[in-house]
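Student: Hey, got a minute to go through this one with me? I'd like to start with the strands and then get to the side chains.

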Amino acid sequence: MNFHIRLFCRFDRHEPIRREVRWDGLHYVSTCTSCGQAIRRKDKGEWKKDWNPSGLFKTA
């Protein structure tokens with residue numbers, strides 16, 4: 001794992017695992033490739049830490 005990739009995660013800039021991206025009815029959700037956090041797509045190409053951790057809209 002590269003240091004600069006982990007540094008991006010520290011500043012809430014994540015990269016999704018592409019094959020795991022799912023639509024939850026409101027946003028695209030996935031897991032970050034480097035830190036393993038649950039993430040949501042805010043805008044095209046902009047992934048942030050999941051701000052809805054309750055799982056209310058997540059799919060299995």
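Student: How many residues sit between β1 and β2 in their hairpin, and which residue in the turn has a positive phi?
Tutor: There are 4 residues between β1 and β2, and Gly25 in the turn has a positive phi of about 105°. One caution: this is a predicted model, where local features need pLDDT of at least 70 and side-chain atom pairs count only at pLDDT 80 or more, while totals for chains, interfaces and linings use all residues. Residues are numbered from 1 along each chain as its sequence is written, and side-chain values use heavy atoms, with hydrogens and water left out.

Student: OK. What's the overall pattern along the sequence?
Tutor: It reads α-β-β-β-β, with 1 helix and 4 strands. Helices here are DSSP runs of H or I with at least four residues, strands are runs of E with at least two, and both are numbered from the N terminus.

Student: Back to that hairpin: how many bridges join β1 to β2?
Tutor: Strand β1 (residues 22-23) and strand β2 (residues 28-31) run antiparallel and are joined by 2 bridges. Strands pair if DSSP finds at least two bridges between them. Trp23 has Tyr28 of β2 opposite it.

Student: And what does β2 do with β3?
Tutor: β2 pairs with strand β3 (residues 38-43) in the antiparallel sense, over 3 bridges. Thr31 stands opposite Ala38 in β3. That hairpin has 6 residues between the strands, and Gly36 takes a positive phi near 80°.

Student: Which residue other than glycine has a positive phi?
Tutor: Asp12 is one, with phi near 60°. You'll find Asp12 in the loop between α1 (3-10) and β1.

Student: Is Asp12 buried or exposed?
Tutor: In between: Asp12 is partly exposed at 28% relative accessibility. Buried means under 20% relative accessible area, exposed over 50%, and partly exposed in between, using a 1.4 Å probe and protein chains only. Of the 60 residues in the protein, 25% count as buried.

Student: Changing topic: how many disulfides are there?
Tutor: The structure holds 0. A disulfide would be a pair of cysteine sulfur atoms within 2.5 Å.

Student: Why doesn't Cys9 bond with Cys32?
Tutor: Because their sulfurs are 3.6 Å apart, too far for a bond, and Cys32 holds the cysteine sulfur closest to that of Cys9. For Cys32, the closest cysteine sulfur is in Cys35, also 3.6 Å away and too far for a bond. Cys9 is buried at 13% relative accessibility, and Cys32 is buried too, at 2%.

Student: What about salt bridges, how many does the structure hold?
Tutor: It holds 4. The cut-off is a side-chain nitrogen of Lys or Arg within 4 Å of a carboxyl oxygen of Asp or Glu. One of them joins Arg18 to Glu15, with the closest N and O atoms 2.6 Å apart. Arg18 is exposed at 57% relative accessibility, whereas Glu15 is partly exposed at 41%.

Student: Which residues are linked in a network?
Tutor: Asp24, Arg40 and Asp50. Arg40 meets Asp24 at 2.5 Å, N to O. Arg40 lies in strand β3 and Asp24 in the loop between β1 and β2, so the pair ties together parts 16 residues apart in sequence.

Student: And the Asp50 side of it, how far apart are the atoms?
Tutor: The closest N and O atoms of Asp50 and Arg40 are 2.5 Å apart. Asp50 is in the segment after β4 (46-49), and Arg40 in strand β3 is 10 residues away, so this pair links distant parts of the chain.

Student: Are Asp24 and Arg40 buried or exposed?
Tutor: Both Arg40 and Asp24 are buried, and Asp50 is buried as well.
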